[in-house]
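Here is a friendly walk through one protein model, from a well-covered helix out to the whole fold. Have the structure open and follow along.

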Amino acid sequence: MPSRSDPVPPPTIVWFRDDLRLADNPALDAAVSRGTPVVAVYVLDEQSPGIRPLGGAARWWLHHSLEALATALRGLRIPLVLRRGPAEAVIGDLAAATGADRIVWNRRYGGPEIAIDKAIKTALTDAGIAVESFAASLLYEPWTLKPSTGPYYKVFTAFWKAARASQHPRTPLPVPDRAPGGSVDVPSDLLDDWGLLPKAPDWSGGLADTWTPGEAGAQERLQTFLEGTVNDYAQSRDRPDRDATSMLSPHLRFGEISPYQVWHATLARDDSSGADKFLSEIGWREFSWHLLFHKPDLATTNIDSRFDRFAWHRDQDGLRAWTNGRTGFPIVDAGMRQLWHTGWMHNRVRMIAASFLIKDLMIDWRDGEAWFWDTLVDADAANNPASWQWVAGSGADASPFFRVFNPVLQGQKFDPDGTYVRRWVPELADTSVKTLHEPWKATGGTVENYPAPIVDHARARQRALDAFKALKD
């Protein structure tokens with residue numbers, strides 16, 4: 001047993017990114033297993049080339065998730081060091097200051113992030129510091145699944161079939177043991193100094209009422225879903241008036257829970273069609289990240305280059321009405337208000353709202369993607385743009401552009417009693433079911449304090465179809 005006078009061995013640095021958890025964290029597990037002191041670091045990098053700064057809702061989530069992570073790490077005798085700046089400079093300085101002989105992290109898959117990680121790995125290796133990376137955020141890393149023709153899968157069904165036929169996802173790792181003794185004194189930024197929380201005004205009250213960021217909140221959300229609604233998931237997932245979805249998306253986005261944990265916990269509890277359908281949604285997340293790996297500019301460039309010539313409208317009034325939930329179409333407005341209040345929107349309603357912006361208003365999908373990036377707690381670099389391109393028809397395995405959601409029929413089908421609309425559009429609370437989704441047909445033709453439709457859907461639909469026909473011609 002080493003004496004108190006023995007020198008402290010060089011520490012291992014664990015670089016946390018979008019993996020803010022203790023359990024099933026291969027990088028953390030590897031660091032603790034070495035038997036030497038461990039230093040954990042999170043870098044708020046908003047300056048490296050190509051890095052997209054987080055939106056406001058995601059910044060709120062990050063603040064609280066880091067608080068939870070720091071508390072959990074203290075139980076393992078591991079300090080969480082916070083640093084702000086370009087990751088390459090921060091990690092290099094931290095390695096030199098601590099005398100670390102090894103740095104570990106879990107891999108990332110966006111183009112700028114890969115470039116940063118490669119540069120850091122080269123610099124550290126040249127300095128004699130070992131670097132090791134692990135798979136932790138995806139069940140199937142992008143280079144592990146390749147079609148017989150072409151560089152990557154462009155159709156989800158083929159992608160998911162290949163994924164399910166490949167190696168079964170590994171078993172999740174437990175929370176590691178407490179780190180060995182020996183302290184490393186490392187200065188850290190104060191989380192409050194990062195200014196991640198909104199002020200003047202503080203618009204985050206609805207987020208705080210809805211969510212519990214952190215690993216414990218993620219596990220609670222998963223167990224609630226598996227013990228309650230997973231069996232009915234296939235039948236009810238499209239109903240925003242029901243609590244039928246897992247709402248795990250922000251926890252997955254920040255890595256407070258891993259897809260491996262979700263996968264095995266789901267299979268352990270249920271083998272119904274609901275579980276299978278739920279796991280296919282995890283597959284869509286994987287598919288989006290595979291697209292981003294092969295298309296790093298997914299948020300700005302059409303996968304289908306024909307859409308580079310599309311005649312988008314610059315309609316600031318329409319965009320403002322959409323973001324404010326004042327379009328005059330109840331299901332659209334309910335979704336946009338749910339988004340602003342909770343930082344989240346039901347997936348069926350996301351498709352309806354996106355279709356309305358793109359096809360009824362003819363506004364560029366990138367404007368919608370940017371608004372969602374700023375307001376969603378689960379906005380990530382892959383799912384958000386991939387989903388917008390899917391609706392626009394410009395993406396991989398996209399919904400055809402000529403599929404234009406009718407917001408009235410969608411509301412009537414998926415919110416038949418108006419429960420969802422009445423919750424988020426209180427102006428319509430007393431409107432009859434018969435006219436709830438088309439309130440302009442109510443007696444008198446208007447509802448107090450609620451706007452008339454900003455477009456005629458039938459005419460807007462035809463305008464969109466004509467524009468798409470011109471594009472094809």
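## A helix wrapped by others

This is a predicted model, and helix α10 is a good place to begin. The helix runs over residues 259-269, and because eight of its 11 residues are buried, α10 is largely enclosed by the rest of the structure. The buried residues are Pro259, Tyr260, Gln261, Val262, Trp263, His264, Ala265 and Thr266.

Which elements cover them? The cover of α10's buried residues includes α5 (156-165), α7 (215-228), α9 (249-253) and α11 (273-294).

## A second enclosed helix

Helix α16 (residues 383-392) invites a similar look: eight of its 10 residues are buried, so this helix too is largely enclosed by the rest of the structure. Two tryptophans, Trp388 and Trp390, are among the buried residues, and so are Asn384, Pro385, Ala386, Gln389, Val391 and Ala392.

Among the elements covering the buried part of α16 are α11, α12 (316-323), α14 (347-360) and α15. Helix α11 thus turns up again, having been listed in the cover of α10 as well. Just after α16 comes glycine 393, with a positive phi of about 90°.

## Two buried residues in the covering helices

Two of the helices that cover α16, α14 and α15, each hold a residue to zoom in on. Threonine 375 belongs to helix α15, which spans residues 365-375. Is threonine 375 buried or exposed? Its relative accessibility is 5%, below the 20% cut-off, so threonine 375 counts as buried. Its side chain reaches the backbone oxygen of tryptophan 371 at 2.7 Å. Setting aside neighbours within four places in sequence, threonine 375 touches Ala57, Leu339, Trp340 and Gly343.

Arginine 348 sits in helix α14. This arginine is buried, with a relative accessible area of 10%. Beyond its neighbours within four places in sequence, arginine 348 is in contact with Asp238, Phe405, Gln410 and Phe414.

## Backbone details in the loops

A few loop positions are worth a visit. The peptide bond from alanine 200 to proline 201 is cis, its omega being near 5°. Proline 201 lies in the loop between α5 and α6 (205-210).

Two residues other than glycine take a positive phi. Arginine 77 has a phi of about 60° and is found in the loop between α2 (56-74) and β3 (80-84); with 45% relative accessibility, arginine 77 counts as partly exposed. Methionine 247 has a phi near 55° and lies in the loop between α8 (233-236) and α9. Methionine 247 is buried, at a relative accessible area of 19%, where the cut-off for buried is under 20%.

## The whole protein

Now step back to the full chain. The protein has 19 helices and five strands. How does its radius of gyration fit a compact globule? For 473 residues such a globule would have a value near 23 Å, and the protein has 24 Å, which agrees. Along the principal axes, the C-alpha trace spans about 85 × 50 × 45 Å.

Of the 473 residues, 55% count as buried. Among contacts between residues at least 6 apart in sequence, 80% join residues at least 24 apart. The accessible surface comes to about 20600 Å², with 51% belonging to carbon and sulfur atoms. As for charge, the mean positions of the 52 positive and 59 negative charges are 5 Å apart.

How values were computed: Residues numbered from 1 in each chain as written. Predicted model: local features only at pLDDT ≥ 70, side-chain atom pairs only at ≥ 80, totals over all residues. Heavy atoms only, no water. Helix = DSSP H or I, 4+ residues; strand = E, 2+ residues; numbered from the N terminus. Rg over C-alpha atoms; globule rule 2.2 N^0.38 Å. Buried < 20%, exposed > 50% of the residue type's maximum accessible area, 1.4 Å probe, protein only. Contact = heavy atoms within 4.5 Å. Areas by Shrake-Rupley, 256 points an atom, 1.4 Å probe, with all protein chains shown as cover. Lys, Arg positive; Asp, Glu negative; His and termini not counted. Charge placed at Lys NZ, Arg CZ, Asp CG, Glu CD. Polar contact = N/O pair within 3.5 Å; in protein donor to acceptor, adjacent residues only side chain to side chain.
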